Amino acid sequence: MEVLKITPRGYCYGVVDAMTMAKRVARDPNVPRPIFVLGQIVHNQHAVEDLESLDIRTLDGGSRVDLLDQVPDGATVIFTAHGVSPEVKHRARQRRLNTFDATCPDVTKTHTLILEKVRDGYSIIYIGTKGHPEPEGAMGEAPPGRIELVSTLDDVALLSFAPHTPLAITTQTTLSQWDTADLIDAVQERYPNAEVHNEICLATQMRQEAAVKAAQDVDMVVVVGDRRSNNSNRLVEVVEKVAHKPAVRVGSVEDLNPDWFRSMDRVAVTAGSSTPTQVTRGVIQWLEAYDPANYPKPASLT
Ligand code: SF4
């Protein structure tokens, strides 16, 4: 089976910077211990385990404000690439915690945009994924009532801004370009004067465009990425919805099922921007060595 390696794939510069910062903090003997990360540094279990091996503990499973409450006084805390709200920074300062901020500059850009627009009298419609930390941080830049989260077309129908409210539309950085364009159109249909500030980052756009293009020439696209990685899930989605080809997300080589590839001649591999290179390499090597003869057909397929 031929294996096409899609480029660009894998770590983006924001993730590289976040991992580098965390490792530098871990190696600095002057940094107060224990060291915590507020949420997964990037959404990938392998990256989290990498930091655990350096004695950096990941707090997970709640809002950033709630997670901060678990950090003991005198400890060090790292903010993740997804960014945090001003409230989290304020509370950390009040408690005199030692903080390091690994927020990606592309996320910071959206925070700044929201702040400026609110100051100029706008209300904000933020297109993003419910429950993801990036919207949580970015939306914290606006006072309650001045920002609404939109994830679906149903959410657009529920928006209740008065018709002539000055509005700015902005977005999470890791969304599907195509779905976001549909949501922006729907919002503009309701609010024709709303300004559009599409903040999907270049790394996300390039990975999506490359995956859609490569999908035309293969039987299937394998996306290597964590189940919680928004950009990895969006890669699967754009291959299926835009290129109309099958796609599957795997966390690592262990998730590959030999039966998926029995009748395939060509597959393409890409990886989310939070997927470590060695994890993707393992998947590529397995696929390149794949020979259906080595895997007896299960009874259900015979
Ligand atoms: S995916 Fe984009 S926004 Fe997220 S860390 Fe990478 S470059 Fe930054």
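Student: How many residues of domain 2 are in contact with domain 3, and what makes two residues count as being in contact?

Tutor: In this predicted model, 12 residues of domain 2 are in contact with 11 residues of domain 3. The cut-off is 7 Å between C-beta atoms placed from the backbone, so each of these residues has a partner across the boundary within that limit. The C-alpha centres of domain 2 and domain 3 lie 27 Å apart. The domain assignment gives domain 2 as 13-103 and domain 3 as 106-197, while domain 1 consists of 2-10 + 202-301.

Student: Into which classes do the residues on the side of domain 2 that touches domain 3 divide?

Tutor: That side of domain 2 has 8 polar, 2 nonpolar and 2 charged residues.

Student: What makes β3 and β5 edge strands?

Tutor: The open sheet that contains them has 4 strands in the order β3-β2-β4-β5, with parallel pairing. β3 (56-59) and β5 (98-101) each pair on one side only, and they are the edge strands. From one strand to the next, the twist averages 25 degrees.

Student: How do you know that β2 and β4 count as a pair?

Tutor: A pair requires at least two bridges, and 4 bridges join β2 (residues 35-38) to β4 (residues 76-79), so the requirement is met. The two strands run parallel. Phe 36, for instance, has Val 77 in β4 as its bridge partner.

Student: Why is one side of β7 and of β9 left without a neighbour in the sheet?

Tutor: Their sheet is open and has 4 strands in the order β7-β6-β8-β9, with parallel pairing. β7 (147-150) and β9 (195-197) stand at its edges with a single partner strand each, and therefore one side of each has no neighbour in the sheet. Neighbouring strands here are turned by 20 degrees against each other on average, direction ignored.

Student: What makes β6 and β8 a pair, and which helix lies across them?

Tutor: β6 (residues 123-127) and β8 (residues 167-171) pair in the parallel sense over 5 bridges; at least two are needed, so they qualify. In β8, Ile 169 is the bridge partner of Ile 125. The helix is α5, which lies across β6, β8 and β9 and runs at about 170 degrees to β8.

Student: Which handedness has the crossing of α9 and α10, and which residues meet there?

Tutor: α9 passes α10 in a right-handed crossing. The two helices pack at an angle of about 35 degrees, with their axes 9 Å apart. Among the residues that meet are Arg 207, Ala 211 and Val 212 in α9 and Arg 234, Leu 235 and Val 238 in α10. By class, this contact has 6 nonpolar, 3 polar and 2 charged residues.

Student: Which residues are closest to the ligand, and which element gives the largest share of the shell?

Tutor: Of the 15 residues that surround the ligand, the closest are Cys 12, Gly 14, Cys 104, Thr 173 and Cys 201. Two or more residues each come from α1 (13-27), α5 (105-119) and α9 (202-215). The largest share, 3 residues, belongs to α1. The shell has 8 nonpolar, 6 polar and 1 charged residues.

Student: What makes the backbone at Pro 8, Pro 34 and Asp 55 worth noting?

Tutor: Most peptide bonds are trans, and most residues other than glycine have a negative phi. The bond from Thr 7 to Pro 8 is cis, with omega near -5 degrees; Pro 8 is in the loop between β1 (2-5) and α1. The bond from Arg 33 to Pro 34 is also cis, with omega near -5 degrees, and Pro 34 lies in the loop between α1 and β2. Asp 55 has phi near 70 degrees, a positive value in a residue other than glycine, and its place is in the loop between α2 (45-52) and β3.

Conventions. Residues numbered from 1 in each chain as written. Predicted model: local features only at pLDDT ≥ 70, side-chain atom pairs only at ≥ 80, totals over all residues. Near = placed C-beta within 6 Å. Nonpolar A, V, L, I, M, F, W, Y, C, P; charged D, E, K, R; others polar. Axes fitted to C-alpha atoms, helices over the stretch in contact; angles between N-to-C directions. Left-handed = near helix turned anticlockwise from the far one by under 90°. Domains from an automatic or database assignment.
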